[in-house]
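Hello,

Here is the structure I promised to pass on to you. Have a look at it first, and then read on for what turned up in it.

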Amino acid sequence: MDYTFLDFISTGTELDFTVAIDFTKSNLPLEDDSSLHRVEIDGSANQYEIAIESIAEICQHYNTSKVFNAFGFGAKLPPTNKVHFNFPLNVESGDPRCEGIQGLLHAYHVAQQHVELSGPTDFSPTIRFAARRAAALPTDGSKYLVLLIITDGVISDMAKTKEEIVKASVLPLSIIIVGVGYDSFEEMKVLDSDNIMLSANGKFAKRDIVQFVEMRKFLPPHRQLTAQEIHEAKRILAKEVLQEIPGQLTSYMKSKL
C-alpha cells in the first residue's frame with residue numbers, strides 16, 4: 001500500500017515542534033534601528049516573530065498538546081560570559097516548553113531582555129541536540145520531530161553541520177531553516193539538498209531532511225508593512241516552508257515498514 005502523509009496523521013502520528021532562534025551579534029543589538037530582534041514601538045512583528053507565528057500556526061494542528069519546545073543559541077547568559085547553545089528560551093524558568101504560539105512569543109520576548117548577543121553561528125550543537133531528542137522518540141511512529149531554525153547569517157561550522165545532518169537523516173526528524181535579514185545564504189542552499197543528496201566525509205544522507213527558505217522572498221524590504229501584507233507573508237511563508245514536511249515524514253515512515 002502506498003501510504004500518504006494524511007494516512008500517518010490520521011492514525012495518530014504527531015509533530016513534535018522545536019524552535020531554535022539565532023541570538024548572535026550579527027542580528028545587531030535591540031536598540032539599533034536595524035536590529036532583526038528589534039521590538040517595534042507600534043507592536044508590529046519583526047521577522048523572527050513572523051516566522052515563529054506563521055509556522056507554529058500550522059504545526060500546532062498536528063500536536064494535541066499544543067506545547068512547543070523553544071531554544072536560543074549563540075548568546076551569553078547572565079551571570080557568566082559563556083556563550084550558550086540550546087539554552088531554553090524561557091530563560092527565567094529554564095523550561096524549554098511553551099504553551100501555544102503566545103507562549104512561544106512570550107518566551108522569545110523574555111529572552112530578548114536577558115541575553116547578550118554573541119556568537120559564533122554554530123548549527124551543529126542545535127542539530128545534534130535535536131537528533132538526540134528524535135532518537136529518543138517512540139519507535140512506533142507516533143512522534144516526528146520538526147526543528148525550525150531561524151537565523152540571519154553564515155554558518156560558522158559548516159563541515160560539522162553537514163556531518164550532523166547526514167547522521168540525523170535516519171531519524172524521525174525534519175529541519176526547517178528560515179533565513180531572516182539580507183545575507184546571501186549560499187551555504188544554507190547547500191544544506192537544502194533538493195537536487196543531490198547531502199554528503200559529509202564520503203557518507204551520503206539517507207534522505208533529504210532540510211528545507212531552507214529566505215524570508216525576504218515574502219516581505220517587501222526596508223519599509224513598514226501593513227497588517228494585510230504581514231498576514232499574506234505569513235500565509236505564503238508557511239506554505240513554502242512546510243511543503244516538504246509531508247514527503248520527508250512519509251519517506252521516514254516507509255523506511256521503517
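A quick word on terms before the tour: helices here are DSSP runs of H or I with at least four residues, and they are numbered from the N terminus. Please also keep in mind that this is a predicted model.

**A pair within one helix**

With that in hand, take helix α6, which covers residues 186-191. Lys-189 and Glu-186 sit three residues apart in this helix, so about one helical turn separates them. In general, an α-helix has 3.6 residues a turn, so residues three or four places apart point the same way. These two form a salt bridge, in which the closest N and O atoms are 3.3 Å apart. Are the two partners buried or exposed? Neither word fits fully, because Lys-189 has 36% relative accessibility and counts as partly exposed, and Glu-186, at 48%, is also partly exposed. The pair is part of something wider: Glu-186, Lys-189, Glu-214 and Arg-216 are linked in a network of salt bridges.

**Other salt bridges**

How many salt bridges does the structure hold? There are 12. Side chains of opposite charge can pair when their charged atoms come close.

One of the salt bridges joins Arg-133 to Asp-16, with 3.4 Å between the closest N and O atoms. This pair links distant parts of the chain, since Arg-133 belongs to helix α4 (residues 124-135) and Asp-16 to strand β1 (residues 14-22), 117 residues apart. Arg-133 is partly exposed, at a relative accessible area of 23%, whereas Asp-16 is buried, at 12%.

Another salt bridge is formed by Arg-97 and Asp-95, whose closest N and O atoms are 3.0 Å apart. Here Arg-97 counts as exposed, with 54% relative accessibility, while Asp-95 is partly exposed, with a relative accessible area of 24%.

**Helix α4 and what surrounds it**

Helix α4, the one that holds Arg-133, is a good place to spend some time. Does its length agree with what its residue count suggests, and what should the span be? At 1.5 Å a residue, the 12 residues of α4 should span 16 Å, and the end C-alpha atoms are indeed 16 Å apart.

The buried residues of α4 are Ser-124, Pro-125, Thr-126, Ile-127, Ala-130, Ala-131 and Ala-134. They pack against several elements, namely β1, β2 (67-76), β3 (83-88), β6, α5 (158-168) and β7 (173-179).

**Empty space inside**

Rolling a probe the size of a water molecule over the atoms shows where empty space is left. The structure holds one cavity of 30 Å³ or more, and the volume of this largest cavity is about 30 Å³. Its lining is made up of Thr-18, Ala-20, Phe-71, Asn-86, Thr-126, Phe-129, Ala-130, Arg-133 and Leu-147. The elements that give two or more residues to that lining are β1 and α4, and α4 provides the largest share, four residues. By class, the cavity lining has five nonpolar, three polar and one charged residues.

As for pockets, the second largest holds about 210 Å³ of space. It is lined by 15 residues, and those nearest its centre are Thr-139, Asp-140, Gly-141, Ser-142 and Met-253. The lining of this second largest pocket has six nonpolar, six polar and three charged residues.

**Two buried residues to look up**

Thr-151 is found in strand β6 (residues 143-151). It is buried, with a relative accessible area of 0%. Which residues does Thr-151 contact, leaving aside its neighbours within four places in sequence? They are Asp-22, Tyr-48, Thr-121, Phe-123, Ile-177, Val-178, Gly-179, Val-180, Phe-185 and Met-188.

Val-110 has its place in helix α3 (residues 100-114). At 13% relative accessibility, Val-110 counts as buried, because the cut-off is under 20%. Not counting residues up to four places away in sequence, Val-110 touches Val-91 and Glu-92. The C-alpha atoms of Val-110 and Asn-90 are separated by 7.0 Å, although these residues lie 20 places apart along the chain.

Happy exploring, and best wishes!

Definitions and conventions:
Residues numbered from 1 in each chain as written. Predicted model: local features only at pLDDT ≥ 70, side-chain atom pairs only at ≥ 80, totals over all residues. Heavy atoms only, no water. Buried < 20%, exposed > 50% of the residue type's maximum accessible area, 1.4 Å probe, protein only. Contact = heavy atoms within 4.5 Å. Salt bridge = Lys/Arg side-chain N within 4 Å of Asp/Glu carboxyl O. 1 Å grid on protein atoms, 1.4 Å probe; cavity = no way out; pocket = protein on both sides within 12 Å on 5 of 7 lines; lining within 4 Å. Points joined across faces, edges and corners; volume = space filled by probe spheres on them. Nonpolar A, V, L, I, M, F, W, Y, C, P; charged D, E, K, R; others polar. Expected span 1.5 Å × (residues − 1).
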